[in-house]
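Biologist: Please take a close look at the ligand and its contacts, and then set that part against the rest of the chain.

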Amino acid sequence: MIVPTKSWQADTVAHHYDELDLFYRELWGEHLHHGLWHAGAETVTEATLRLLNVVAAHARLRPGQTVYDAGSGYGATARWLATHHSANVTALTLSPVQYRYAQTVPALPSAPKPRYLLEDWLSNTLPDRSADVVVAIESTEHMVDLAGCFAQIRRVLRPGGRFVVCAWLACEAPKAWEVRLLLEPICREGRLAGLGSLSEYQAGLQGAGLVVEGSDDVSRQVRRTWDLVLYRLIAKLATDRRYRRYLLDARQRERLFVWSTLRLALAYRTGSLRYGILSGYREA
Ligand SMILES: C[S@@+](CC[C@H](N)C(=O)[O-])C[C@H]1O[C@@H](n2cnc3c(N)ncnc32)[C@H](O)[C@@H]1O
C-alpha cells in the first residue's frame, strides 16, 4: 500500500471536493469517475456511461433493488441507476457542496428518487443486511480505514448481496522512483489515504468476509481520461483568467492537485498507476 507522507481525516477530503467543485465539473462533468474506452473514438459522456454499464452488469441489478453508493460525488451514479435500472439508491458523500448540488438536480418523474446523505461511509448509520448492492466508485482510495470500509460493505449487504468497487490502484511492487515521483505525490495532492494494489484489494475484500468473483485491471481502457483532463486544463489555463487566478492564490489549499493531472497521465503511461474493477458478493 502506497501512503502519503502526510495523513489527514475526512474533513480534508471533503474540503478538497468543495474547493475544486467548479473545476471538476467544468473539466469533466457531474460523473466524477474515469471513462472506459473500447474503440477509442467514444465521447467522454459515452465512455463515462460505459463504466457505469459495466458496474451495473457486475452488480446484476434488478428493478426495485436497494443500492448504496459509498462515496457518491454529485449523485450522478445514483440518478443513472435509478433512471436506467429502477434502483432505490442511497448515496453518501463527505462533501457538503456535492451534497447540496445533488439535492438540486430533479429526478425523472418515472424513476425512484435517490436519497442523498452527507455522511462518512466509515461510520454510516445504514441498517445491517439492508442492501442488495453496494457500489463504491473511486472513493475507497480516500478512506483512512480501508479494512473498515470493506467491513461496512459486508455489514450492510444482505446475504447474497453484491458489491462493485472501482478503484485507482498502484502497480504490484512499484519501483522507488515510481513511488517518489508519481504514486506518493498523487496520494498527497489528491487527498488519497492510500493506493493499494489489485492483490491488496482482493485480500482486503476477502479478509472482510466477502467473496471476490471479478477483479479486472482496465487501466488501458481508462487511461485516456487524464490525457483529456490535462488537455482541457491547459486550454482553460490559456483562456480563462479564473483558472490562472486560482493557481496563483496561495490561500487555495487544493491548487497543488493541478500537478497531479500531469502525474496521473504519466503514471498510466508508465504502468505505475492501475485501475481495477472488483466485484463479488456476501455469503450468508
Ligand atoms: C472521485 S469522487 C467519485 C464520486 C462518484 N463515485 C462518481 O463516480 O461520480 C470521490 C467521492 O468519494 C467521497 N468519499 C470519500 N471518502 C468518503 C467517505 N469516507 N464517506 C463518504 N464518501 C466519501 C467523496 O466525498 C467524493 O464524493
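Modeller: L94 offers a backbone N or O atom at 3.2 Å from an oxygen atom of the ligand, which is a polar contact (a pair of N or O atoms within 3.5 Å; within protein, one must be able to donate a hydrogen and the other to accept it, and residues adjacent in sequence count only if both atoms are side-chain atoms). The model is predicted, and local features are therefore given only at pLDDT of at least 70 and side-chain atom pairs only at pLDDT 80 or more, while totals for chains, interfaces and linings use all residues. Residues are numbered from 1 along each chain as its sequence is written, and side-chain values use heavy atoms, with hydrogens and water left out.

Nitrogen atoms of the ligand have partners as well. G71 places a backbone N or O atom 2.7 Å from a ligand nitrogen, and D120 places a polar side-chain atom 2.7 Å from a nitrogen of the ligand. On its own the ligand has 590 Å² of accessible area, and the protein covers 98% of that (Shrake-Rupley method, 1.4 Å probe; for residues, only the protein chains shown count as cover).

G71 and D120 also belong to the group that comes nearest to the ligand, together with L32, Q98 and W121. The shell numbers 20 residues, counted by a heavy atom within 4 Å. By class the shell divides into seven nonpolar, 10 polar and three charged residues; here Ala, Val, Leu, Ile, Met, Phe, Trp, Tyr, Cys and Pro are nonpolar, Asp, Glu, Lys and Arg charged, and the others, Gly among them, polar.

Turning to the rest of the chain, there are 16 salt bridges (a side-chain nitrogen of Lys or Arg within 4 Å of a carboxyl oxygen of Asp or Glu). In one of them, R50 and E42 meet with N to O at 2.5 Å. R50 is partly exposed at 27% relative accessibility, whereas E42 is buried at 11% (buried is under 20% relative accessible area, exposed over 50%, partly exposed in between; 1.4 Å probe, protein chains only).

A salt bridge also joins the side chains of R60 and E213, with an N to O distance of 3.4 Å. R60 sits in the loop between α3 (44–59) and β1 (66–70) and E213 in strand β6 (residues 210–217), so this pair ties together parts that are 153 residues apart in sequence (helices, H or I with at least four residues, and strands, E with at least two, are DSSP runs numbered from the N terminus). Both partners are partly exposed, R60 with a relative accessible area of 49% and E213 with 43%. The backbone of R60 deserves a remark: its phi is near 50°, a positive value in a residue other than glycine. A173 likewise has a positive phi, of about 50°, although it is not a glycine. A173 lies in the loop between β5 (157–170) and α7 (176–190), and at 71% relative accessibility it counts as exposed.

In a further salt bridge, D240 and R242 bring N and O to 2.6 Å. D240 is buried, at 14% relative accessible area, and R242 is partly exposed, at 34%. Shared partners join these two residues with E26 and K236 into one network of salt bridges.

Another acidic residue, E254, occupies the loop between α11 (241–248) and α12 (257–270). With a relative accessible area of 1%, E254 is buried. Its C-alpha is 16 Å from that of E184, and the two residues are 70 apart in sequence.

The aromatic side chains complete the picture. The whole structure holds eight aromatic pairs (ring centres of Phe, Tyr and Trp, the last by its six-membered ring, within 6.5 Å; planes under 30 degrees apart are stacked, over 60 edge-to-face and the rest tilted). F150 and Y201 have ring centres 5.7 Å apart and planes at 70°, so the pair is edge-to-face. This pair links distant parts of the chain, since F150 belongs to helix α6 (residues 146–156) and Y201 to helix α8 (residues 198–207), 51 residues apart. Each of F150 and Y201 is buried. Elsewhere Y17, Y24, W168, W226 and F257 gather into one aromatic cluster.
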